[in-house]
Amino acid sequence: QLAPSSFLRIGQLSNVDLNEDIRELETELPRQHPNEIPHNEKLLSLKYESLDYDNSENQLFLEEERRINHTAFRTVEIKRWVICAMIGILTGLVACFIDIVVENLAGLKYRVVKGNIDKFTEKGGLSFSLLLWATLNASVVMVGSVIVAFIEPVAAGSGIPQIKCYLNGVKIPHVVRLKTLVIKVCGVILSVVGGLAVGKEGPMIHSGAVIAAGISQGRSTSLKRDFKIFEYFRRDTEKRDFVSAGAAAGVSAAFGAPVGGVLFSLEEGASFWNQFLTWRIFFASMISTFTLNSVLSVYHGNAWDLSSPGLINFGRFDNEKMGYTIQEIPIFIFMGVVGGILGALFNALNYWLTMFRIRYIHRPCLQVVEAMLVAAVTATVGFVMIYCSRDCQPIQGSSVAYPLQLFCADGEYNSMATAFFNTPEKSVVNLFHDPPGSYNPMTLGMFTLMYFFLACWTYGLTVSAGVFIPSLLIGAAWGRLFGISLSYLTKGSIWADPGKYALMGAAAQLGGIVRMTLSLTVIMMEATGNVTYGFPIMLVLMTAKIVGDYFVEGLYDMHIQLQSVPFLHWEAPVTSHSLTAREVMSTPVTCLRRIERVGTVVDILSDTSSNHNGFPVVESNPDATQVAGLRGLILRSQLIVLLKHKVFVERANLSLVQRRLKLKDFRDAYPRFPPIQSIHVSQDERECMIDLSEFMNPSPYTVPQEASLPRVFKLFRALGLRHLVVVDNRNEVVGMVTRKDLARYRLGKEGLEELSLAQT
């Protein structure tokens with residue numbers, strides 16, 4: 001085991017403080033940083049808690065629900081729709097903000113560098129231009145990396161693995177805070193402007209989720225402001241449903257794909273699903289695309305024209321020249337295979353790189369230096385490639401934003417520069433739509449090779465950045481190359497239009513890296529505005545997923561596993577029928593009696609060795625004739641609220657308690673319940689008794705100890721439980737099943753393997 005101060009910097013997702021108290025202790029201890037952190041991917045971290053997705057149906061809850069009449073339920077339903085509309089509007093506005101700022105800053109940077117290059121091309125001394133470009137990139141990325149590494153490390157990366165974990169029911173600290181949103185938005189703007197091989201689409205999903213979590217609570221814990229609205233939604237059940245709507249709104253703002261957004265949050269995220277939720281999520285996605293359209297149309301000067309959905313618009317593919325015939329189907333399937341293999345290679349390289357980063361680059365200052373290094377290298381590679389490329393194309397009739405002339409004749413531009421000297425989004429659109437003959441095969445081949453390694457190195461840096469656009473760009477480049485070589489082979493027959501193959505290559509590469517099928521097909525169809533390609537895109541993505549899964553798992557799942565998060569998949573491992581609940585459960589269980597001494601409760605909660613969050617409540621009988629059967633389940637957070645308000649039996653008899661505790665007291669303490677150390681209990685109060693009957697959940701889910709693991713898993717996963725009590729035939733508590741007990745079992749190469757648990 002490691003010293004407690006050294007486990008704060010393990011990995012990117014996981015360098016979060018356990019709670020605010022440890023942070024105060026941390027500042028007093030000098031930070032000893034080991035040079036190498038031993039990290040083993042065969043571990044599960046114990047510092048991630050589950051969400052209480054299952055409502056605690058105690059007496060307070062039941063009384064409140066019985067008081068609410070039919071009209072009140074209708075207002076709650078209306079409030080849900082209002083929240084979804086607000087999520088959509090705000091996510092759309094954030095997307096607009098990111099888009100407009102990136103466009104202006106990147107435009108400014110490229111104009112400065114272009115002017116500099118044009119000036120020095122005539123009189124020599126181009127190395128100054130290279131220095132200028134690299135310095136600009138590195139300094140912008142430095143700012144973007146410093147705010148992430150030193151202020152909010154959870155904002156690193158694309159945020160999709162974190163949101164996946166959240167919707168799976170794992171509470172990742174700080175993931176839906178306002179601070180995370182601000183750092184995320186600023187960080188993504190800076191890293192795209194800094195010319196890294198990243199996209200701004202992945203972080204939009206995280207931003208949407210944070211916005212949703214914030215709005216649905218009607219208050220901000222970071223700003224200490226409570227607006228006294230939406231108090232009914234202050235619990236994990238409601239919050240998680242709104243977060244899935246926010247993630248969908250983020251996808252639909254990023255790609256202009258509302259249906260794709262809904263399918264994304266269905267495929268990647270939510271474990272629990274119902275029809276009403278689908279409809280509300282779709283509503284939020286539509287509103288977000290609509291907001292983005294209206295604002296951007298006003299910004300681009302053609303108000304009321306709503307035809308530019310999404311941050312990335314692949315342009316329309318027209319059907320005349322872009323049809324496909326039956327003999328191209330095998331070609332598409334072959335492209336899928338290539339995409340799967342390249343995606344698996346990308347993931348394997350990134351896996352080793354991430355292991356190296358977790359072990360050696362765990363200090364924030366080192367992380368910032370690495371980000372600056374990558375930025376400078378990216379600029380240098382781009383410059384050298386443009387400098388060495390002799391691929392000149394005529395300027396007229398082409399739609400290049402910043403044509404670099406360099407050593408080409410007048411009236412021509414360097415075609416390598418359209419790929420490197422541009423934001424990745426624009427480069428993708430150019431590769432899709434430039435007319436045949438705009439690129440030299442050599443240019444495309446070199447670009448693919450370089451960009452592949454750059455993108456692989458960039459993902460997992462301490463900057464907030466997505467992997468969607470770089471993968472699309474790599475795929476579009478080799479797809480176009482493939483199309484060009486096809487028309488060479490077939491002597492230029494019409495069906496080998498390179499743009500079409502660029503689209504298929506992009507789909508294959510992205511599918512091979514992230515392994516999404518359903519949502520990605522729909523996103524690609526909606527982003528290109530073309531249903532004709534539904535079938536080929538689906539074929540390509542299916543092939544890429546099957547081939548890639550044969551080698552290594554998807555990028556997001558891999559990062560979740562590297563952070564040792566107890567993630568529950570859809571099904572239990574196939575070979576796990578031999579295990580029963582008795583072998584899986586944790587024992588011994590800390591139980592509380594129904595009427596318990598306050599001192600006992602405080603001692604149990606303060607015991608750091610057993611950091612339990614749910615305690616079975618058993619019958620408190622002195623005589624040994626009866627069985628101490630299970631009576632209910634109470635959560636740590638509820639006990640803390642009871643101690644804070646000093647709800648003791650003696651005080652109730654003396655009528656010292658001003659009023660009965662209401663559900664509102666529990667909701668006001670959510671989500672940051674105070675730690676037990678902050679609650680002072682005097683010596684006299686320790687002798688008091690505390691009655692748990694009306695606060696405990698009297699009907700917790702239980703399983704007999706003979707139940708098989710798949711059965712326990714199904715119950716746990718489908719209901720989104722946090723604690724599942726295991727009882728024997730006399731209804732006595734024998735064990736507890738929590739998320740970690742189920743996530744321990746994983747299918748490895750040799751069959752079922754069990755992971756060990758670690759405190760890190």
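**Cavities, a buried helix and a small sheet in a predicted model**

Trainee: How many cavities of 30 Å³ or more does the count come to?

Mentor: The structure is a predicted model. Applied to its protein atoms, the cavity rule with a lower limit of 30 Å³ gives a count of seven.

Trainee: Which residues lie closest to the centre of the second largest cavity?

Mentor: The second largest cavity holds about 180 Å³ of space. Its lining is made up of 16 residues. Of these, the closest to the centre are Asp 54, Leu 633, Leu 635, Asn 697 and His 723.

Trainee: Which element gives the largest share of the lining of the second largest cavity?

Mentor: By class, the lining divides into eight nonpolar, five polar and three charged residues. The largest share of this lining, three residues, comes from strand 11 (residues 630-635).

Trainee: In what order do the three strands of the open sheet that includes strand 11 stand?

Mentor: The pairing in this open sheet is mixed. Strand 8 (592-593) and strand 11 are the edge strands, each pairing on one side only. The order of the three strands is therefore read from one edge to the other, and it is 8-10-11.

Trainee: In which sense do strand 8 and strand 10 pair, parallel or antiparallel?

Mentor: Leu 592 stands opposite Val 617 in strand 10, and Arg 593 stands opposite Val 618. Strand 8 and strand 10 (residues 614-618) are paired over two bridges, and the sense is parallel.

Trainee: What is the bridge partner of Pro 616 in strand 11?

Mentor: Strand 10 and strand 11 run antiparallel and are joined by five bridges. Within strand 11, the bridge partner of Pro 616 is Leu 633.

Trainee: Why is strand 10 described as largely enclosed by the rest of the structure?

Mentor: Both faces of strand 10 are covered. On one side Gly 614, Pro 616 and Val 618 are buried, and on the other Phe 615 and Val 617 are buried. Strand 10 is largely enclosed because its buried residues number five of the five.

Trainee: How many of the eight residues of helix 20 are buried?

Mentor: Helix 20 (residues 555-562) is mostly covered. Its buried residues are Leu 555, Tyr 556, Met 558, His 559, Ile 560, Gln 561 and Leu 562. Of the eight residues, the number buried is seven.

Trainee: Against which elements do the buried residues of helix 20 pack?

Mentor: Just after helix 20, Ser 564 takes a positive phi of about 55 degrees. The buried residues of the helix itself pack against helix 5 (160-168), helix 11 (329-360), helix 16 (468-489), helix 17 (498-514) and strand 16 (745-748).

Trainee: Is Ser 288 buried or exposed?

Mentor: Ser 288 has its place in helix 10 (residues 275-299). Leaving aside residues up to four places away in sequence, Ser 288 touches Gly 88, Thr 91, Gly 92, Ala 249, Ser 252 and Ala 253. Residues under 20% relative accessible area count as buried. The relative accessible area of Ser 288 is 0%, so Ser 288 is buried.

Trainee: What percentage of the residues of the protein chain count as buried?

Mentor: The protein chain has 28 helices and 18 strands. Its accessible surface comes to about 31200 Å², of which 63% belongs to carbon and sulfur atoms. Of the 760 residues of the chain, the share that count as buried is 58%.

Notes. Residues are numbered from 1 along each chain as its sequence is written. This is a predicted model: local features need pLDDT of at least 70, side-chain atom pairs count only at pLDDT 80 or more; totals for chains, interfaces and linings use all residues. Side-chain values use heavy atoms; hydrogens and water are left out. Helices (H or I, at least four residues) and strands (E, at least two) are DSSP runs, numbered from the N terminus. Buried means under 20% relative accessible area, exposed over 50%, partly exposed in between (1.4 Å probe, protein chains only). Contact means heavy atoms within 4.5 Å. Accessible areas come from the Shrake-Rupley method with a 1.4 Å probe; for residues, only the protein chains shown count as cover. On a 1 Å grid over the protein atoms alone, a cavity is a set of points where a 1.4 Å probe fits but cannot get out, and a pocket is an open set with protein on both sides within 12 Å along at least five of seven lines; lining residues have an atom within 4 Å of a point. Grid points are joined across faces, edges and corners, and a volume is the space filled by probe spheres set on the points. Ala, Val, Leu, Ile, Met, Phe, Trp, Tyr, Cys and Pro count as nonpolar, Asp, Glu, Lys and Arg as charged, and the others, Gly among them, as polar. Two strands pair if DSSP finds at least two bridges between them.
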